[in-house]
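These are my notes on the model, set out as numbered points. Please read them with the structure open.

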Amino acid sequence: MSVQSYRSRMRIALALALVAAIAAGFIGSRVAHAGEPGANFWLVYAGLLAVAALAFAATVPWWRKLDDMQRTGHLVSWYWGGMAGGVAVMMALVAGTGAQSDLSQGALYTVLGQAVGFLLFFGGWRLRRGGPAA
Amino acid sequence: MKNCLRDLRRGRGLGQAELAEAIEVSRQTIIALEADKYDPSLPMAYRLAAFFGVPVEELFFNPWRESR
C-alpha cells in the first residue's frame, strides 16, 4: 500500500470536489429541465436537493483535510466576501430592475435562505459546545 | 503570536514544505506561522511542539506570561 503525501491527498480531495460540483451542474440542469417549470415541483425540488447534497458530500474529504488556517481562511472569506458579493449583486438587481422584479425577488429569497441556513448551523454549533455550568 | 518555529525548523535542516508535509498542513500555514501572521489552534501548536520535542511555550511565546 503506497502512502500518499498530504499534498497529494489534498489535490485528490480537491479534484473530487471540483468534479462533483461540475457533475452536479450538468445533472442538476437535466433534472431542472425534466418538465414544465413548476410542474412536479416536489419531485424536481427533491431531485435538485439530492444532487446538491451529493456535491456537498464530495467536498467533505477536502474540508476535513484542511488545516485550521486554511479552514479559517475559507470561513472568513465566505462570511465577509460571500456576503459582500451577494449583497452587491442584489443591490445592482434592485437598482437595475426594481425591488419587485423577479430577479430582485429571487435574490432576496436566496439571501433569506442563506440567513436561515446560517442561523440553523450557528444554533447547532452553539449547542454542540454546551457543557455543565459550574 | 511570536515563536521560534523558523529557528527550530532550520535547526532540523527542514524546508517549509518538508515541515508542512510532516505535520500535514499547507506550506502557506507554515509561512504564516513563521511570519507571525497567524495564531495556531491549540491542537496545531501541540502538534508542532511534539514534532520538535519541546513544550508549547518554548515554541510559541506566551505574551501574557511575559508581561507579568
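1. B:Gln16 is a convenient place to start: beyond its neighbours within four places in sequence, B:Gln16 is in contact with B:Arg9, B:Arg27, B:Ile30, B:Ile31 and B:Glu34. The residue belongs to helix 2 of chain B. Its relative accessibility is 17%, under the 20% limit, so B:Gln16 counts as buried. Note that the model is a predicted one.

2. One of those partners, B:Arg9, is in helix 1 of chain B. Is B:Arg9 buried or exposed? With a relative accessible area of 6%, B:Arg9 is buried. Residues up to four places away in sequence aside, B:Arg9 touches B:Leu14, B:Gly15, B:Gln16, B:Leu19, B:Glu34 and B:Phe52. B:Glu34 therefore appears in the contact list of B:Arg9 as well as in that of B:Gln16.

3. Helix 3 of chain B spans residues 27–34. Its buried residues are B:Thr29, B:Ile30, B:Ala32, B:Leu33 and B:Glu34. What covers them? The cover includes helix 1 (5–11), helix 2 (16–23) and helix 4 (42–52) of chain B, together with helix 3 (68–97) of chain A. After helix 3 of chain B comes B:Asp36, which has a positive phi, near 60°.

4. At B:Phe51 and B:Phe52 the ring centres are 5.0 Å apart and the planes stand at 90°, so the pair is edge-to-face. B:Phe52 is buried, at 7% relative accessible area, while B:Phe51 is partly exposed, at 27%. B:Arg12 lies over the face of B:Phe51, 5.4 Å from the ring centre. B:Phe52, for its part, is among the residues that B:Arg9 touches.

5. How many aromatic pairs does a search of the whole structure find? The search gives nine over all chains. In chain A, the pair of A:Tyr79 and A:Trp80 is edge-to-face, with 4.9 Å centre to centre and 90° between the planes. A:Tyr79 is partly exposed, at 35% relative accessibility. A:Trp80 has a relative accessible area of 58%, which is over the 50% limit, so A:Trp80 counts as exposed. A:Tyr79 and A:Trp80 also belong to one aromatic cluster with A:Phe118, A:Phe122 and A:Trp125.

6. The largest pocket holds about 1,800 Å³ of space. Its lining has 33 residues, and those nearest the centre are A:Trp63, A:Leu75, A:Trp78, A:Phe118 and A:Phe121. Helix 2 (41–65), helix 3 and helix 4 (102–128) of chain A are the elements that give two or more residues to the lining. Helix 4 of chain A gives the most, with twelve residues. By class, the lining comprises 18 nonpolar, nine polar and six charged residues. A:Phe118 thus has a place in the pocket lining and in the aromatic cluster.

7. A:Leu75, one of the residues nearest the pocket centre, lies in helix 3 of chain A. A:Leu75 is partly exposed, with a relative accessible area of 48%. Along the chain, A:Leu75 and A:Trp42 are 33 residues apart, and their C-alpha atoms are separated by 32 Å.

Terms used
Residues are numbered from 1 along each chain as its sequence is written. Chains are lettered from A and ligands numbered from 1 in the order in which they are written. This is a predicted model: local features need pLDDT of at least 70, side-chain atom pairs count only at pLDDT 80 or more; totals for chains, interfaces and linings use all residues. Side-chain values use heavy atoms; hydrogens and water are left out. Buried means under 20% relative accessible area, exposed over 50%, partly exposed in between (1.4 Å probe, protein chains only). Helices (H or I, at least four residues) and strands (E, at least two) are DSSP runs, numbered from the N terminus. Contact means heavy atoms within 4.5 Å. Rings of Phe, Tyr and Trp (its six-membered ring) pair if their centres lie within 6.5 Å; planes under 30 degrees apart count as stacked, over 60 as edge-to-face and the rest as tilted. A charge sits over a ring if NZ of Lys or CZ of Arg is within 6 Å of the ring centre and within 35 degrees of the ring normal. On a 1 Å grid over the protein atoms alone, a cavity is a set of points where a 1.4 Å probe fits but cannot get out, and a pocket is an open set with protein on both sides within 12 Å along at least five of seven lines; lining residues have an atom within 4 Å of a point. Grid points are joined across faces, edges and corners, and a volume is the space filled by probe spheres set on the points. Ala, Val, Leu, Ile, Met, Phe, Trp, Tyr, Cys and Pro count as nonpolar, Asp, Glu, Lys and Arg as charged, and the others, Gly among them, as polar.
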